[in-house]
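Trainee: Pick one part of this model for me and go through it closely, then work outwards from there. I'd like one connected story rather than a list.

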Amino acid sequence: MPKGIYTVPKAFNEPVKSYAPGTTERELTLNSFKEQYNQTVDVPLYIGGEEIRTGNTKNLFPPFDHKHHLGTYHLADKALVEKAISTALEARVKWSAMPWEHRASIFLKAAELIAGPYRAKLNAATMIAQAKTLHQAEIDAACEFIDFLRFNVEFMTQIYAEQPISTDGVWNRLEHRPLEGFIYAITPFNFTAIAGNLPASVALMGNVVVWKPSATQIYSANVIVEIFREAGLPDGVINVIYGDSAMITDTLLASPDFAGIHFTGSTSVFNSMWEKIGKNINNYKTYPRIVGETGGKDFVIAHPSSHAKEVAVALTRGSFEYQGQKCSAASRAYVPASLWGDIKNYMIADLKTIKMGSPEDPTNFVSSVISESSFDKLAKYIEQAKLDSDAEIIAGGNYDKSVGYFIEPTVIVTTNPKYETMQTELFGPVLTIYVYEDAKWSETLKLVDETSAYALTGAIFSQCRYAIDEATKALVNAAGNFYINDKPTGAVVGQQPFGGARASGTNDKAGSILNLLRWVSPRTIKETFVPATDYKYPFLNK
Ligand SMILES: NC(=O)c1ccc[n+]([C@@H]2O[C@H](COP(=O)([O-])OP(=O)(O)OC[C@H]3O[C@@H](n4cnc5c(N)ncnc54)[C@H](O)[C@@H]3O)[C@@H](O)[C@H]2O)c1
Ligand SMILES: N[C@@H](CCC=O)C(=O)O
């Protein structure tokens, strides 16, 4: 039994290491890359304390070198998905009753393991599985993941501290219970931090989880599992399954004990799951929490007063870091005619210096996209742009999948502000730019707001305060993360809570108190110290 009202360690953002030549972190990570690259893994399902190898396997390979064999992973059938549910529910009995400080300790320990002994391994696994460069792996798999774990603990205690007032011989209390049932965490390929945070945040709040990572992130997900186990997470709290997404989802959503979904991924997949949940609604014991952070068509708009160099650098970094595969990546831009010449020249000059290749070579700024299907889709849009009279490719436009799924950072300029690639999420290194007449600034803001169904991130560049104010108001619903004079990527946990609305998700802001509130069900307890002994109101006796 707890014997204190504990204060947790103050959360702080994990400093980003430099990885400059000669640094220890660079040497450790590149050594770990080599070591892992030259071994093979055989990734099991984790259900309870069991590592299950079904023999029904698929191969793992790095997307930048798809002929290289990294090992295999095992696929669950329906019976194993059902076993994951029953195992989670069994674990729930003890886990939901575990004092919060022990749950906090487990995830704080996981944060320290990632910050220290597992940093190089997790970063290198992320470089291998998801084709991230050293810097991109560090800001994701190490720093953002550590931040999620540390800040979640602090936010949890803020939730628990939130209590109602008590008066007149009464003590009112609010108990933040875990949800009754299990939570389905379903995670995307592009951030190791998101993959780890989605199951961890709900488990921290006392819930049990069935987690299905993306097939293209399994290699680094397996290191996350290793870390959670090393941190002392009890068996059955987070059960990990791989296999046919539709079958797994249908099986989990059909369970009467399904209590919520913690999803990050594309809008279409989220919508299909929401429909299924709706159809099953009468079967559930409790109304499930539906939390999903989804796609984006993120914008940069430059005002004529902005500095061309700053806009150009924000576009290059915002659009092409991690091959444009951040949900926050700038993929449509609106630049004034008066600045276009300079912005174009700066961008083309910078793009000429960008090197593409294996993430093992630290001089490469970009690597491959995640998969053949993504490559083929992007190549199709690029080819279409080459044919369309209202589009022109001014940089990049080449691609090659003979070794890895490499697509050059590509810039399309269009004369049609509603051109297909101004509206549709491509999720790759393709930026489309529309050049507007300077006098049409206000009309262009309206275009930005109306062109896409999404509302995730957006940025305005301007030296004019009136223009900043006008854009902030005109685009109030166009982005859940709005940047002034900065690129639209790179949100930091605890600093810029992340998430968008419209078709970009439920905007529950991952890594914030708002998100954690979705994973508890409050119970109000009123205790009366001296109960009434007479049914009559006092005046009835007068
Ligand atoms: N808003 C955010 O915070 C955020 C963050 C990261 C990624 N994203 C979005 O995620 C997408 C890219 O990630 P992705 O390619 O991994 O997304 P995805 O939707 O293809 O996959 C996400 C998860 O859903 C699973 N899945 C795929 N098809 C399914 C189906 N039919 N039924 C059930 N599950 C299915 C995948 O296996 C994976 O685990 C982009 O749209 C991006 O914008 C959003
Ligand atoms: N939070 C990240 C994006 C996560 C989605 O892919 C950013 O702000 O760049």
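Mentor: Let's take the surroundings of ligand 1, and get the bookkeeping straight before counting: Ala, Val, Leu, Ile, Met, Phe, Trp, Tyr, Cys and Pro count as nonpolar, Asp, Glu, Lys and Arg as charged, and the others, Gly among them, as polar. Keep in mind that this is a predicted model.

With those classes, the shell around ligand 1 comes out as 12 nonpolar, 15 polar and three charged residues. Out of the 30 residues around the ligand, Pro188, Gly265, Ser266, Glu293 and Cys327 come nearest. As for secondary structure, helix H8 (245-253) and helix H9 (267-279) each put at least two residues into this shell. H8 gives the most, with three residues.

Now compare ligand 2. Its surroundings are Asn190, Phe191, Lys326, Cys327, Ser328, Thr489, Gly490, Ala491 and Phe498. By class, that's four nonpolar, four polar and one charged. Notice Cys327: it is one of the residues that come nearest to ligand 1, and it is also in the list around ligand 2.

From the pockets, let's step over to strand S7, residues 182-186. In a regular strand the side chains alternate between the two faces of the sheet. In S7 both faces are covered: Phe182, Tyr184 and Ile186 are buried on one side, and Ile183 and Ala185 are buried on the other. Five of the five residues are buried, so S7 is largely enclosed by the rest of the structure.

S7 has parallel partners. One is strand S8 (residues 208-212), joined to S7 by five bridges, and here Ala185 sits opposite Trp211. To get from S7 to S8 the chain passes through helix H6 (residues 192-204), and this β-α-β crossover is right-handed. The other partner to look at is strand S10 (residues 258-264), again parallel and again over five bridges. In that pairing Ile183 faces Gly260.

Helix H5 (residues 134-161) is worth a sanity check on geometry. At 1.5 Å a residue its 28 residues should span 40 Å, and the end C-alpha atoms are 39 Å apart, which agrees. H5 does have a kink of about 30 degrees, centred on Cys143. It's also well wrapped: 21 of its 28 residues are buried, so the helix is largely enclosed by the rest of the structure.

If you're going to inspect backbone torsions, have a look at a couple of tyrosines. Tyr322, which isn't a glycine, has a positive phi of about 45 degrees. It belongs to the loop between helix H10 (308-320) and strand S13 (330-336). Tyr322 counts as buried because it has 24 C-beta neighbours inside 10 Å, where the cut-off for buried is 20 or more. Tyr19 has a phi near 60 degrees, also positive in a residue other than glycine. Tyr19 is found in the segment before helix H1 (24-37). Its 19 C-beta neighbours inside 10 Å make it partly exposed.

One last stop, for a sense of distance: Ile238 in strand S9 (residues 238-240). With 27 C-beta neighbours inside 10 Å, this isoleucine counts as buried. Its C-alpha atom and that of Gly404 are separated by 33 Å, with the two positions 166 residues apart along the chain counted as their separation.

Technical notes: Residues numbered from 1 in each chain as written. Chains lettered and ligands numbered in written order. Predicted model: local features only at pLDDT ≥ 70, side-chain atom pairs only at ≥ 80, totals over all residues. Near = placed C-beta within 6 Å. Buried ≥ 20, exposed ≤ 12 C-beta atoms within 10 Å, placed from the backbone. Helix = DSSP H or I, 4+ residues; strand = E, 2+ residues; numbered from the N terminus. Pairing = 2+ DSSP bridges. Right-handed = clockwise from strand over helix to strand, strands pointing away. Expected span 1.5 Å × (residues − 1). Bend = angle between axes of the 7 residues up to and from the residue.
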